[in-house]
Amino acid sequence: MSAGGTVEPGPPGAAAAPSPASAPARVFRPFSAEDEGQQPTEIESLCMNCYRDVSRAGGRAAGAGRAPWGTAALGTQSEAPSGSLDGELGFTGSFLGFLLPQGMTRLLLTTIPFFREVIVSSFACEHCGWSNTEVQSAGRIQDQGVRYTLTVRAAEDMNREVVKTDSATTRIPELDFEIPAFSQKGALTTVEGLISRAISGLEQDQPTRRANEEAVAERLDEFIVKLKELKQVASPFTLIIDDPSGNSFVENPHAPQKDDALVITHYNRTPQQEEMLGLQAEAPEEKPQEEDLRNEVLQFNTNCPECNAPAQTNMKLVAPEIPHFKEVIIMATNCEYCGHRTNEVKSGGAVEPLGTRITLHITDASDMTRDLLKSETCSVEIPELEFELGMAIFGGKFTTLEGLLKDIRDLVTKNPFTLGDSSNPGKMDKLQEFSQKLDQIMEGKMKAHFIMNDPAGNSYLQNVYAPEDDPEMKVEHYKRTFDQNEDLGLNDMRTEGYETGVAPR
């Protein structure tokens, strides 16, 4: 088909016989948000706002026996079919779509720091001025849902970046206000943008309500005034974003440090939430016969976290090959389609009776070669840099001290919110200073303390003087607090007396 929309003539059978010279080429290539120099992809697409206007005009024109906008003048008139009303005109739908104004859709794959990859899309029509923006997760539905509870105390909190997916529910308890799931498209916005979007949605049909239901319109006007007052932050209020898919996000402006105003809770989805997301509950598996799996590599089917293609994960239970520690589970996934590789290490034992805090005084570059096992429940602190890495940021890792510090540096420096013209110079300078000090620690030019705090007691840092004590390393065992037991799910766990429903005291 030519650019003008007409079919070029050719000899019979030419379309059926493929050209021998045309070898199958790879049209698509794997890409990632980490690709340097990546530019938004532009797609010319139909403007739905113009389409609705032309459709309504076409319906009125058909009733009046006239051609829709712009079609008769361009010669798209066709013969009326036999048996139709006199003077009625027929028009081909493809030709009408070709004549409609076109807009431009831009797609960009990007990474949000301390989160994951997302696809940001925007559409703009230069003919009618209509525009629209959406955001979608570039990954899969997460294993757990997530709930962000933000206490907004100052005007700066209104500028926090927010990723709200279609499946997220937004609530403001102080106003008893809720935006249900799947009532809005996904958006990459701010806290102020969420409230402004809610105000625009409520104000949209107010003229019709004032004409038909004046009492309801007045109550909505009062509520809209309360929402507008929230934007002034005259008093603190709470914003809750609950996403069963686990793909929503609220920015921590103090990253990589802890944010006292933001509470992140991961939870297991209910059957109703699984059904809402279109996930089928897994059938209970039959209990296999007990067998020794220590010397076998198990495989199970999964999906690649990058391209979502079918893949296999290898899992092996490793006996205590880590000296002076316990057995661990090594999991590795290799995608044959995109080449993505990932590995994770989990503790093979139970939660220890006491938590473990390991403090290493880094005095030399040789300390970077120490092996360490960081479990999912372990947090990392470097007091000299005022740095704290929360639990489950990297997941389970078996690496060296240098490898973990490099991962921390990459996590902090590859932050799109601190780059570009819209970045805050003060924040960017602090992160660059943090990265420079971290390099000095890895080169042995700066002494620092490296603290691993694991409430579950399943983390490990190599003692190079074993079995003797390490003069630069201190291992403390402590009793967990109530909040730490709550995070590990131990407060409501009953291992004795559950048959009668009464736990022993």
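**Close-up legends**

**Figure 1. Gln-484 is buried, with a relative accessible area of 18%.** Buried means under 20% relative accessible area, exposed over 50%, and partly exposed in between, with a 1.4 Å probe and protein chains only. The model is predicted: local features need pLDDT of at least 70, side-chain atom pairs count only at pLDDT 80 or more, and totals for chains, interfaces and linings use all residues. Residues are numbered from 1 along each chain as its sequence is written, and side-chain values use heavy atoms, leaving out hydrogens and water. Gln-484 sits in helix H9. Helices (H or I, at least four residues) and strands (E, at least two) are DSSP runs, numbered from the N terminus. Setting aside neighbours within four places in sequence, Gln-484 contacts Pro-455 and Tyr-478. A contact puts heavy atoms within 4.5 Å.

**Figure 2. Asp-492 follows helix H9.** This residue belongs to the segment after that helix, which spans 482-487. Asp-492 counts as exposed because its relative accessibility is 68%. Compare Gln-484, within helix H9, which is buried at 18%.

**Figure 3. Phe-450 is buried in strand S22.** The strand covers residues 448-454. Phe-450 counts as buried because its relative accessible area is 1%. Its C-alpha atom is separated by 7.0 Å from that of Ile-362, although the two residues are 88 apart along the chain. Residues up to four places away in sequence are not counted among its contacts. Those that remain include Ile-358, Thr-359, Leu-360 and Ile-362. Leu-372, Val-380, Glu-381 and Ile-382 also touch Phe-450. So do Leu-401, Leu-404 and Leu-405.

**Figure 4. Asp-371 in strand S18 contacts Gln-462.** Strand S18 takes in residues 371-374. In sequence, Asp-371 and Gln-462 are 91 residues apart; their C-alpha atoms are separated by 5.2 Å. Neighbours within four places aside, Asp-371 also contacts Phe-398, Thr-399, Thr-400, Tyr-460 and Leu-461. Asp-371 is partly exposed, with a relative accessible area of 30%.

**Figure 5. A cis peptide bond joins Ala-466 and Pro-467.** Omega is about 5° at this bond. Pro-467 lies in a loop. Strand S23 (460-461) and strand S24 (473-478) flank that loop. Most peptide bonds are trans, and most residues other than glycine have a negative phi.

**Figure 6. Phe-182 has a positive phi.** The value is near 65°, in a residue other than glycine. Phe-182 is in the loop between strand S8 (177-179) and strand S9 (187-190). Its relative accessible area is 47%, so Phe-182 is partly exposed.

**Figure 7. Val-233 has a positive phi and is buried.** Phi is about 55°, although Val-233 is not a glycine. The residue lies in the loop between helix H5 (214-230) and strand S10 (237-243). Val-233 is buried because its relative accessible area is 12%.

**Figure 8. The protein chain has nine helices and 24 strands.** Of its 505 residues, 32% are buried. Which share of the contacts with a separation of 6 or more comes from residues 24 or more positions apart? That share is 64%. The pair of Phe-450 and Ile-362 is one contact of this kind, at 88 residues apart. The pair of Asp-371 and Gln-462 is another, at 91 residues apart.
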